[in-house]
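I sat down today with a structure I had not met before and kept notes as I went. Come along and look over my shoulder.

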Amino acid sequence: MQYVSTRGGEPGTSFTQAVVKGMAEDGGLFVPVHVPALDPHLIHSWRSLSFCDLVVKLLSLFVGGDFSVEELTPLVKKSFSSFPSNPVPLRPLQRTSPNASVGEQMMFIGELFHGPTFSFKDVALQFIGVLMEHILENHKGDSTDATVLGATSGDTGSAAIHAFKGKSNVRVFMLHPEGRVTDIQRLQMVTVMDANVYNIAIQGTFDDCQSLVKAAFHDSRFKSTHHLCAVNSINWARIAVQITYYFHLYYQFLETINFHSSSLPEVCFSVPTGNFGDVLAGFYAKQLGLPILRLVVATNANDVMHRFISTGTYAKMPTVFHTHSPAMDIQVVSNFERYLYYLSGGNCAQVSEWMTTFQQQHSFSIEKALLARVQAEFLSAEVSDSDTVETIKSVYSQFGVSVCPHTAVGIHAVSLARPPTPYVICLATAHPAKFQAACDLAGISPHVTVPNELSTLHTQPQRCFQMPCSLPELQSFIAQHHALAENHC
């Protein structure tokens, strides 16, 4: 398996190189040159596999000759050792009220938040932490140390920090938009006092943080000098691992409805969408052959992807709206570029043209024939803050289930998008206790059990650095602390 940049550069890149580099030198993202179509009988035969065994099976499709099954297996098992025996359980929404009315479909919730930081980001980042350590220690890359540079709208930061904290050969610089993450999300980051972790509060939005990260990676000399490595969903390994839970949730769905025919039923997944990485993993799962009829792209007021799927125009709005679902407060959607690569039929020149136009004019449009293809893959909906809060309230009152605001966006989007299948799985991306303000507004806070790991955060010491949205200042900060780390060694 080889990789190439979405903009045409670096053909012949290996899986390990794609993981370590994160972004291509031409500013594009790495994608596999070929996505295999799995035989339906093979997909059916994986039904009884454990989650870890399924991760190994699917990753084996994408690692090429870089890792054998024997090498991958212990890495995967180590990655999920802190998770429950079923890392991503499926919960059917069973009615507890005779007046339940959330959608007409049989709806299920795929709980992705049972990792160490109570977010779906743990699923992939725990593996990336173990994988990166293995690559560095076994000299599989070009360096024996790495500088992890990332931006977070809330959950990626704590998940990445937890995955890499304390590792002597890795430094972590995590940017978050000051005042635009929940207090719990902030505390999960700034209470980590390990010497290799640097939390930076940027004066701006998540898009500003993400732009700084991309600009740093695009500076080839800086990237090479400091051995930059990406952990945002621009890193291909995150997408590759996330494909697994679509398969795992689908197999649990088959067991739940007691389905044993050889002709597998189609389902729809509703995915709360910010940077498009989670739903892109679903797109790859469908390309591999998982019977997904449609993917529902559920957005909040920052509805850039909903507008694209509806009209064919990808346009950034002047303002990033601050909502109850902050992980989705994004206007520049990084992983969208990977989808454009497939939409264009692998036409890297076309992708480059689209992205250049967007950079210069903040919008571009696709032709009607391509829009028809988009709408054959995706449905979409934009969900307001008021509907988000009302959904949190109604899901609890009708089903006795507490959900976070992002999950509520995904659930309510189903009633708006109306997917043409009786079976819908909504991805639950975070523990509701991380979003107390939204739960307070919905009146369900007394019913939300707060994990001990979250309830004691406010009593712990904190460390965070404030910084304006300035690439020179960020690079100077990284260089200074990189030098200090090397002198300490």
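These entries follow one sheet, then the cavities, then a single threonine.

**Entry 1: the sheet**

A note to myself before anything else: this is a predicted model.

I began with the strands and asked in what order they lie in the sheet. I found six strands in an open sheet, running S3-S4-S14-S9-S10-S13, with mixed pairing. I then looked for the edges, and they are S3 (90-92) and S13 (378-382), each of which pairs on one side only. I also looked up the twist: neighbouring strands are turned by 25 degrees against each other on average, direction ignored.

**Entry 2: one edge, then a helix**

I stayed with the S3 edge for a moment. Its partner is S4 (residues 106-111); the two run antiparallel, and three bridges join them. If you want a spot to click on, try arginine 91, which stands opposite isoleucine 109 in S4.

Next I wondered which strands helix H12 touches. H12 (residues 304-311) packs on the sheet, where it touches S10 (292-299) and S13. I noted that the direction of H12 makes about 130 degrees with that of S13.

**Entry 3: the cavities**

How many cavities of 30 Å³ or more does the whole structure hold? The search gave me four.

I took the largest cavity, with a volume of about 270 Å³. I counted on a long list here, and 27 residues do line it; Phe120, Lys121, Gly274, Asn275 and Ala327 are the closest to its centre. Four elements give two or more residues to this lining: helices H6 (155-164), H10 (236-256) and H11 (277-288), together with strand S9 (267-272). H11 gives the largest share, three residues. I sorted the lining by type and wrote down 11 nonpolar, 12 polar and four charged residues. I had already met S9 as a member of the sheet, so to speak an old friend.

The second largest cavity has a volume of about 40 Å³. I listed its lining as Pro177, Arg180, Thr205, Phe206, Val320, Pro326 and Asp329. By type, that lining divides into four nonpolar, one polar and two charged residues.

**Entry 4: threonine 73**

I ended with one residue. Threonine 73 sits in helix H4 (residues 69-79). A polar atom of its side chain lies 2.7 Å from the backbone oxygen of valine 69. I also checked threonine 73 against cysteine 52: they are 21 residues apart along the chain, and their C-alpha atoms are separated by 7.9 Å.

Technical notes
Residues numbered from 1 in each chain as written. Predicted model: local features only at pLDDT ≥ 70, side-chain atom pairs only at ≥ 80, totals over all residues. Heavy atoms only, no water. Pairing = 2+ DSSP bridges. Axes fitted to C-alpha atoms, helices over the stretch in contact; angles between N-to-C directions. Contact = heavy atoms within 4.5 Å. 1 Å grid on protein atoms, 1.4 Å probe; cavity = no way out; pocket = protein on both sides within 12 Å on 5 of 7 lines; lining within 4 Å. Points joined across faces, edges and corners; volume = space filled by probe spheres on them. Nonpolar A, V, L, I, M, F, W, Y, C, P; charged D, E, K, R; others polar. Polar contact = N/O pair within 3.5 Å; in protein donor to acceptor, adjacent residues only side chain to side chain.
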